[in-house]
Amino acid sequence: MKKLLQKKEYLFGVILIGLILFISYLSMSSIRLLQGNARVVNYVGIVRGATQKLIKEELMGWYLTQQDPGFSGKSEWYPDDKLLARLDGIINELLTGVGTENLTVLPDKTYLANMNQVKEHWNILKGHIFLVREGADPIEMFDSSQDYFNLVNETVFSAEAYSENRVNRINTLFIAINSIFIVLILVILLSYIRSITIKKRADALGKIAYVDTLTSLANRASCERQIAHLQNIAPETSIAALMFDMNNLKLTNDFLGHQGGDKLIISFADILKKSAGETNFVCRYGGDEFLAIFENSNESQVEAYLTSVDTQVTEYNSMRTNKLERISFAVGYVVGPVLTGKVEAMIDEADRRMYVNKRIVKGVL
């Protein structure tokens, strides 16, 4: 289950990264596209305005020629062949994409049809301009420029419409992609939350598998795991193995019921754990048997531990009038270095010594 979740998270992560890269690529492409479209709209507008400027200059040149037959046409603004040539270049580049203005060709049928008409009408208008420069009446040039203005105006509108349509399509695409992006994030988030929940449950189950439900101490399985751990530590490490067994528990169960016996087991387990502290290991080895294992220990530390246990047991018993409610126990222990494969032997020796102590305690009673 854990591996399956990891595979799903990995897949979602790959998809998310791919989506981010795609959005980045799409964003840059869209920006370049919109910039190109805006530039085309702007230059079609330049064609419209610059042509009107050119016609005004041609009309003024014709008027000056009529007023002064000796007018040579040599001035800063007339005849403006540079503007005429620039308009030629822009119109051609708007249709072909070839030129110096870095213009693109808009792939729109309406716009391209209009631009073709603009080019045709521009060639007609240029013919009128050259005739006026030779002295012809400018009225046809003026009328042609008016028609040309309207045609270019329509071309501007078609370019703007195409650009706006592209913007709307890109916006729709971005909304769709962002929606998928948000959904993926939510799915990943939910998957992450679920994996945490499953991990917590697995950890809880793992703890339950190694915890005694009655006393909350480590259980027999945990004892076995601790013993396996001790087999792998340095052989010179000194450990103490202590085996405890409760006395007279059967009598307590017979007269006070198992609830009374369980109360004694729980109380004794609390005392063993409290006296051991957080660094030492204590487990419920069997029904009324407990095992304590201390690493890096010595005789004096074990004696101090047993003194603490005795003190707490005495205090506990002093508050009980019924002997069957009092704790009685036997203990045996071994202190020595860890020898390869000998940990279980040390525990067995501690168990043997515990039974010796039990007979002594019962003999005293």
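This is a guided tour of a predicted model, going from the whole chain to single residues.

**Before selecting anything**

Because the model is predicted, local features are taken only where pLDDT is at least 70 and side-chain atom pairs only at pLDDT 80 or more, while totals for chains, interfaces and linings use all residues. Residues are numbered from 1 along each chain as its sequence is written, and side-chain values rest on heavy atoms, with hydrogens and water left out.

**The whole chain**

Colour the protein chain by secondary structure, and eight helices and four strands appear; helices here are DSSP runs of H or I with at least four residues, strands are runs of E with at least two, and both are numbered from the N terminus. Followed along the sequence, these elements give the pattern α-α-α-α-α-β-α-β-β-α-β-α. Of the 365 residues, 39% count as buried, where buried means under 20% relative accessible area, exposed means over 50%, and partly exposed lies in between, using a 1.4 Å probe and protein chains only. Among contacts (heavy atoms within 4.5 Å) with a separation of 6 or more, 73% are between residues 24 or more positions apart.

**The sheet**

Select the four strands next: they form an open sheet in the order β2-β3-β1-β4, with antiparallel pairing, a pair of strands being one for which DSSP finds at least two bridges. At the edges are β2 (281–284) and β4, each of which pairs on one side only. From one strand to the next the twist averages 15 degrees, an angle between N-to-C directions that can run from 0 to 180 degrees, with axes fitted as lines to C-alpha atoms. Now keep only β1 and β4, which run antiparallel and are joined by nine bridges; Met243 stands opposite Gly332 in β4.

**The aromatic cluster**

Stay with the sheet and show the side chain of Phe244, a member of one aromatic cluster together with Phe268, Phe290, Phe294, Tyr305 and Phe329. The structure holds seven aromatic pairs, defined by rings of Phe, Tyr or Trp (its six-membered ring) whose centres lie within 6.5 Å; planes under 30 degrees apart count as stacked, over 60 as edge-to-face, and the rest as tilted. Phe244 and Tyr305 make an edge-to-face pair, with 6.3 Å from centre to centre and 80 degrees between the planes. This pair links distant parts of the chain, since Phe244 belongs to strand β1 (residues 238–246) and Tyr305 to helix α7 (residues 299–318), 61 residues apart. Phe244 and Tyr305 are both buried.

Which kind of pair do the rings of Phe244 and Phe329 form? Their centres are 6.0 Å apart and their planes stand at 50 degrees, so this pair is tilted. It too links distant parts of the chain, with Phe244 in strand β1 and Phe329 in strand β4 (residues 329–337), 85 residues apart. Phe244 and Phe329 are both buried.

**Charges over rings**

Select Arg220 and Tyr285: the arginine lies over the face of the tyrosine, 3.8 Å from the ring centre. A charge is counted as sitting over a ring if NZ of Lys or CZ of Arg is within 6 Å of the ring centre and within 35 degrees of the ring normal. At Tyr316, the charged end of Arg320 sits over the ring, 3.7 Å from its centre.

**Loop residues**

Move to Asp80, in the loop between α1 (2–67) and α2 (81–96). Is Asp80 buried or exposed? Its relative accessibility is 17%, so Asp80 counts as buried. Its side chain reaches the backbone nitrogen of Leu83 at 3.2 Å. Beyond its neighbours within four places in sequence, Asp80 is in contact with Lys53, Leu54, Glu57 and Arg133.

Two further loop residues deserve a look at their backbone angles. Most residues other than glycine have a negative phi. Ser216, in the loop between α4 (139–209) and α5 (220–230), has a positive phi, near 70 degrees, and is exposed, with a relative accessible area of 59%. Asn248, in the loop between β1 and α6, likewise has a positive phi, near 60 degrees, and is partly exposed at 34% relative accessible area.

**A last stop**

Finish at Asp254 in helix α6 (residues 249–276), which is partly exposed, with a relative accessible area of 49%. Asp254 and Leu324 are 70 residues apart in sequence, and their C-alpha atoms are 10.0 Å apart in space.

How values were computed:
A polar contact is a pair of N or O atoms within 3.5 Å; within protein, one must be able to donate a hydrogen and the other to accept it, and residues adjacent in sequence count only if both atoms are side-chain atoms.
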